[in-house]
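Reader: I am in my first year and would like a close look at a single part of this structure. Could you take the enclosed space inside it as the starting point and then work outwards?

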Amino acid sequence: MMRIPGFKNAIFPTVAMPNLNLVANVGLILFLFLVGLEVNMKLFVQNWRVALTVGLAGMLLPFGLGCGIAWGLYHQFRTDPGIVSIGFGEYMLFIGTALSITAFPVLCRILTELKLLGTDVGVTVLAAGVGNDVIGWVLLALCVALVNNGSGLTALYVLLTAIGWILFLVFAIRPAFHYYLRRTGSIQNGPTQTAVCVTILLVLFSSWFTAIIGVHAIFGAFVVGLICPHEGGFAIKLTEKIEDLVTVLFLPLYFALSGLSTDIGLLNDGTTWGYVIGVIAIAFTGKIVGGTLAARANKLVWRESLTIGVLMSCKGLVELIVLNIGLQAKILSTRTFTMFVVMALVTTFATTPLTSFLYPPHYQRKLAAWKRGEIDWDDNPLGSENASVDTDEKPSFDKLQDTQVRRLLVYLRLESLPSLFTFITLLGGDKSATSPKIHRTKSGLGTVPEDADISNNPANRPLEVHGFRLLELTERTSSVMQVSEGDDSYRDPVVNAFRTFAQLNNVAVSGGVSVVPEDSYAETLNNQASDYSSDLVLIPWSDAPNGVQDASIQDFSANMQDTFIQKALDTVTRNTAIFVNRGFGGPVKQEAHALKRTISGLSLRSARERAIPPIADRSHHVYFPFFGGADDRVALRFVLQIAQSSNVTATIVHFITPQGPAPEVTTSGSATKLDITEKTVATSAQSHSASNDTTLLHTLRDSLPNALQNRVVFVEVETTSPIADALSHARQEIAQSPKNAGDLIVLGRGRHASLISNNAPANPEQSKTLGVVAESIISGGIRGSVLVIQAGERELQN
C-alpha cells in the first residue's frame, strides 16, 4: 500500500511518527512480557534431557550455517545505505541468531490447533522451544550490546551489568514479589488491581534499566515475565487482563510501522533473490536436520523426529521483532531486512501444512497404539484373543453383572451437577452397613477395613467415574496457555466438586479438563471414552433457552448444543447416554411471577429465597418403554442396574408391534427381483430380532432376584401406534409421587423403522438428535427427566 500515491503522508505523517513509535515500543515491551509469561521453565526442567539436546541441535546447526551465509551477505550488501560500519563478528552473530531462533508463542498456537500438545512431539517441541527462546534472547542482547558499544571492554561491562540485573531480579525481586502476591491472595484468587499495577511498573522499570545500560528494553520485560509465578494460574489470569489491549491496539501498530520499512521492490536482481532462496534454505535445513537428528537420538521414531524438526523451523512474530531490532540498530539495511522478512513469512506459513502432512491424526492414533503394545507396525492386533467364558450355567440375570456399567465417563457441566450426583449415587449401589467407630485407645482389637471385600470380589468393586470438562479454546494467548501448562483439573471448581462428592459415595473417581476448539468437543469426548475404556458416556442436555444461563457457566455458543450432541452420537464408539434433566435429584427452578411489584426494603426481605427442606422421600421411579433393537437392549441393562438400588422402582413396558413389510427405498425404474429379495431378507431379520428381544425380556423377568421382584414390573402391550401408547403409559407412570427425588424415563434412541411417525415432530432438530420417542415425550409435557441411550459399536456387532 506504500506504493499508493499519498498513502504514507495521509495515514502515517512524518510529524506523528515519533508518537506512533513511542506507543508501538510500549506495546512491544508488553508483548515480550507476555512472551515471558507464556514460557514455563518447569516444562524445560521436567524434560531437560530431550529439551537440551533438541534445543541445542536446533540452534547450533542453523547458527553455523547462518554464519556461513553471513559472510556473503556482509560483503555483498555492506555498502547499502542506512547501516552502520560494524565488524563481521557482530554481523555474523546477529545473522546466526536470526536464523536459529524459534517463535515460541506461534509454536504453542500451531501445536494447539493441530492437537499435538499432549503427544510426545508436542511435549518435546515445547520443552525445546523454551530453552531455544531463552538462549535466543540472550544472544540477541549480546549482539545489541556489542553493536551499541564501540569498544569490546565497554560491551563486556554492559553484559556484566545485564547479568547482574538478571541475578538481582531472580534472587532479590522474585522472592519478595511472590511473597507480596501470596499475601494479597493474587496467586490463589487471581491478581488484584494493585498487583497488576505493581507488575506493570516492574516491567516498565526493568525495560528502562536494560535500555539505558545499552541492551534493548524488551530484554528487561522478557526477564520479568520469566520470574512471574505460574502457580494457581496466576500467569494465565494476568495475561487475561492485559492481552486484549496489547494484541488489538499496540502490536498491530508496531507491525504496521514495521511494514513501512519493508520494500519488496528492493529485491530487484538475481543476486538478491539468490540470497533470499539461500536464507530460506538454510532456515529450513538447519532447523529440520538438527531437530530431527537430536529427536531421533532420544529414541523417537523417524517420522516423529522429522515433525519435530519442521516445527522447530517456525519463526513467526518473534523473528519479525528480532529483525526490527536489527533494522533499528542499523545492523540490517532495508534490503536485507526485506530478505529476512520473506524468509520469516515462508517458514511460518509452511509449518502447519508440513506438520499436518508428516504427522496426520490417523498416524498419531496408530503410533500411540503401537507404543502401548496393542498393534504391531503393520496394524495387526497383538495379544491373545479374549477367551470366551462358558456362562450358560449362570442365570440370565447374573450374566448382566458382567455387562454392567463399571467405567463411566461423565461430561461435566455446572448446571447439571445435582442430577449427575444422583446418577452416580444410584450406579454406585447401596452403601454397605458399617459398624460403629470406636476410638483406637478404647479398643484393643483391630477393625476390619470397610472395603476389604472389594479386591476379592470383582462384582463388588466400586464404580469408576471419570469426570471430564471441556472448555473452549479461543485465539487468546491466555486460552493457549491453559493448554500448554497441562492439566489444571485441580484448579477447576466443577471438577473438584464432582471429585469430592464421588469419593464420599463409594465411587473411584478421576477428573480432567481439556481446552479445545468448540467444533472438536465431540472428537475429544470420543478419544477420552476410548482412552478410559468407558462402558457408558453420560452427556447432560441443557433444556434452558438461550440467554437464561449465566454466561460464566455456558459451555456452548448459541445453537451449538444440538450440533455437538449429534456429532457425539455419530462419532463416539461407546455406549452413550443423553440426559435431559427435569428435577432428577435436584431442585426445579420455579417460574417467576408474571406480576411486577415495586421493590422496597421490606419486600427485599420477603423476596429472599426460603431454605429448601431436605427430600424426605428419596425414591425414584423409572419408566422404560422397550421397542427392541440394540439401543433398547443397552437401555434395559442400565435400568436393571440402577434398579438394584433400594430407592428405585421400575416399570418396563414391552410394546409389541405387528411385523409389517420392510421400509421401502424410493428408486428410479421398476422393482426388480433383487428388490423383492432384499425386502424379504430385511423382513426376516426384523422378525428374528423381535423374537430374540421377546425371549430376552421373558428370561430376565423369570430370573429376577427376590430383591428386585417387588420393585421391577414387566408389562407387555400389543400396539399399532407405539409412540402414542408410550406417551399414554408415561403419563400413568410418571409424577405419581410428586414429593419424591424425581422420576426418570429411560429410552433407546431408536434406529429402526417401527418408530417412524407420520406426524411432523414439534421440534424437528430435537427429534433428529434425541430420537422420535424422546422428542414426543419432552414436547408432550410429561413431568419427568429423560435419559436417551445409544448403543456403541460393540453392541451393534453382537
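**The largest cavity and its surroundings**

Author: The largest cavity holds about 50 Å³ of space. The model is a predicted one, and the structure has one cavity of 30 Å³ or more. Its lining is made up of Trp137, Leu140, Ala141, Val144, Val215, His216, Ile218 and Phe219. Two elements each give two or more residues to this lining: helix 7, residues 120-148, and helix 11, residues 217-227. Helix 7 supplies the largest share, with four residues. Sorted by class, the lining of the largest cavity counts seven nonpolar residues, one polar residue and no charged ones.

Helix 7 leads on to an open space. The second largest pocket takes up about 1700 Å³. Its lining has 50 residues, and those closest to the centre of the pocket are Lys115, Gly118, Thr119, Asn527 and Asp531. Helix 7 is among the elements that give two or more residues to the lining of this pocket, together with helix 16, helix 17, strand 2 (463-472), helix 20 (477-484), strand 3 (507-516) and helix 22 (521-531). By class, the lining of the second largest pocket divides into 20 nonpolar, 17 polar and 13 charged residues. For the cavity, by contrast, the count of charged lining residues is none.

Two of the helices just named, helix 16 and helix 17, also carry partners of salt bridges. In general, side chains of opposite charge can pair when their charged atoms come close. The whole structure contains 14 salt bridges. One of them joins Asp269 to Arg335, with 4.0 Å between the closest N and O atoms. Arg335 belongs to helix 16 (residues 334-358) while Asp269 sits in the loop between helix 12 (234-260) and helix 13 (270-297), so this salt bridge ties together parts that are 66 residues apart in sequence. Asp269 counts as partly exposed because its relative accessibility is 32%.

Helix 17 takes part in another salt bridge, in which the side chains of Glu304 and Lys371 meet at 2.9 Å, N to O. Glu304 is in helix 14 (residues 302-312) and Lys371 is in helix 17 (residues 361-371), so here the parts tied together are 67 residues apart in sequence. The two partners fall into separate exposure classes: Glu304 is buried, at 1% relative accessibility, and Lys371 is partly exposed, at 41%. Salt bridges with shared partners also join Asp80, Asp269 and Arg335 into one network.

A further salt bridge links Arg109 with Glu38, and the closest N and O atoms of this pair are 3.4 Å apart. Since Arg109 is part of helix 6 (residues 104-113) and Glu38 is part of helix 2 (residues 17-38), the pair ties together parts that are 71 residues apart in sequence. Glu38 is buried, with 4% relative accessibility, whereas Arg109 is partly exposed, with 27%.

The loops beside some of these helices deserve a look as well. Lys330 is in the loop between helix 15 (316-328) and helix 16, and it counts as partly exposed at 42% relative accessibility. The C-alpha atom of Lys330 is 9.9 Å from that of Asn148, although the two residues are 182 apart along the chain. Asn148 is the end of the residue range given for helix 7.

Backbone angles come next. Most residues other than glycine have a negative phi. Lys299, which is not a glycine, has a positive phi of about 70°. This residue lies in the loop between helix 13 and helix 14. Lys299 is exposed, its relative accessible area being 79%. Ser533 is another non-glycine residue with a positive phi, here about 50°. Ser533 occurs in the loop between helix 22 and strand 4 (536-541), and at 30% relative accessibility it counts as partly exposed.

Last comes the surface. Leu153, Leu156, Tyr157, Leu160, Ile163, Leu167 and Phe171 make up a nonpolar patch there, with a joint accessible area of about 760 Å². One of these residues, Tyr157, has its place in helix 8 (residues 152-183).

Terms used:
Residues numbered from 1 in each chain as written. Predicted model: local features only at pLDDT ≥ 70, side-chain atom pairs only at ≥ 80, totals over all residues. Heavy atoms only, no water. Buried < 20%, exposed > 50% of the residue type's maximum accessible area, 1.4 Å probe, protein only. 1 Å grid on protein atoms, 1.4 Å probe; cavity = no way out; pocket = protein on both sides within 12 Å on 5 of 7 lines; lining within 4 Å. Points joined across faces, edges and corners; volume = space filled by probe spheres on them. Nonpolar A, V, L, I, M, F, W, Y, C, P; charged D, E, K, R; others polar. Patch = residues over 30% accessible without salt bridge, like charges linked within 9 Å, V, L, I, M, F, W, Y side chains within 5 Å. Areas by Shrake-Rupley, 256 points an atom, 1.4 Å probe, with all protein chains shown as cover.
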